[in-house]
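Work through the following exercises with the sequence and the coordinates side by side. Try each task before reading its solution.

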Amino acid sequence: MLKTKQSKHSKFSIFTLFFILLLTTNCNNTTSEKKVESTNVTDVNKEIPVYDFSEFEPLIYTESDKTYLVNFWAMWCAPCVKELPYIEKFSAKHPDVEVILVSLDFPKDIETKLKPFLKKNNITQKVVLLDDPDANTWIDKIDPNWSGAIPFTIMFNKDERLFYERSFENLEDLENQIRKLN
């Protein structure tokens, strides 16, 4: 009889523990889902377009009075990743400048690596992926002096183009360079 009471008591304890665990897990999932929604950085990069150079090229020219900053980067490039927060801060401070981040990562990594990287690093600027294997041709079309090293940044408006084959050291560095445009 003692065994039966212990067995019933054990089953009741296990059931109670399981029920509490189930409630806690459901509460955590609900909280977690709400947290994900509230910390969702932006829907700008919900869909990341993949371009070959002919599709991408129009993005680096303008006839409008708008100023553009186009930064070529990759997740595997440490100096690129280091300067991304400066570009984010710059964009927040200068909403009149359109910023485009051109990822040179692999298209197959968009969902599994690139989007999680953007979310983790709070990257809210527009990201496009340039996937054109003929880099020797398109690099020269962008700037014949560009070696192909990244990060590489173009700052331009309808009157002038500036090219930077280096990373920016801070927000002030970035602001000082863009002021050189007319």
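The exercises below treat a central strand, a nonpolar core, a disulfide and two acidic residues in turn.

The model is predicted, so that local features need pLDDT of at least 70 and side-chain atom pairs count only at pLDDT 80 or more, while totals for chains, interfaces and linings use all residues. Residues are numbered from 1 along each chain as its sequence is written, and side-chain values use heavy atoms, with hydrogens and water left out.

**Exercise 1. Determine how strand 2 (residues 67-73) is enclosed and which strands it pairs with.**

Step 1. Helices (H or I, at least four residues) and strands (E, at least two) are DSSP runs, numbered from the N terminus. Buried means under 20% relative accessible area, exposed over 50%, and partly exposed in between, with a 1.4 Å probe and protein chains only.

Step 2. Seven of the seven residues of strand 2 are buried, so the strand is largely enclosed by the rest of the structure. In a regular strand the side chains alternate between the two faces of the sheet. Here Thr67, Leu69, Asn71 and Trp73 are buried on one side, and Tyr68, Val70 and Phe72 are buried on the other.

Step 3. Two strands pair if DSSP finds at least two bridges between them. Strand 2 runs parallel to strand 3 (residues 97-103), with seven bridges, and Trp73 has Ser103 as its bridge partner there. The connection from strand 2 to strand 3 passes through helix 3 (residues 78-93) as a right-handed β-α-β crossover; right-handed means that, with the strands pointing away from the viewer, the path from the first strand over the helix to the second runs clockwise.

Step 4. Strand 2 is antiparallel to strand 5 (residues 152-156), to which five bridges join it, and Leu69 is matched there with Met155.

**Exercise 2. Identify the residues that touch the most other members of the largest nonpolar core.**

Step 1. A nonpolar core is a set of buried Ala, Val, Leu, Ile, Met, Phe, Trp, Tyr and Cys residues joined through side-chain atoms within 4.5 Å.

Step 2. The largest such core has 46 residues, and those touching the most other members are Phe56, Phe72, Trp73 and Ile142.

Step 3. Beyond its neighbours within four places in sequence, Phe56 has contacts (heavy atoms within 4.5 Å) with residues including Val70, Phe72, Leu130 and Ile142.

**Exercise 3. Find the disulfide and assign its handedness.**

Step 1. A disulfide is a pair of cysteine sulfur atoms within 2.5 Å; the structure holds one, between Cys77 and Cys80, with S to S 2.3 Å.

Step 2. The torsion about the S-S bond of Cys77 and Cys80 is about 75°, so this disulfide is right-handed. Cys77 is buried at 5% relative accessibility, as is Cys80 at 0%.

**Exercise 4. Describe the surroundings of Glu88 and Asp173.**

Step 1. Glu88 lies in helix 3 and, at 13% relative accessibility, is buried. A polar contact is a pair of N or O atoms within 3.5 Å; within protein, one must be able to donate a hydrogen and the other to accept it, and residues adjacent in sequence count only if both atoms are side-chain atoms.

Step 2. A polar atom of the Glu88 side chain lies 3.1 Å from the backbone nitrogen of Gln125, a residue in the loop between helix 4 (110-120) and strand 4 (126-130).

Step 3. Asp173, in helix 6 (residues 171-178), is buried at 14% relative accessibility, and its side chain makes a polar contact of 2.8 Å with that of Arg166.
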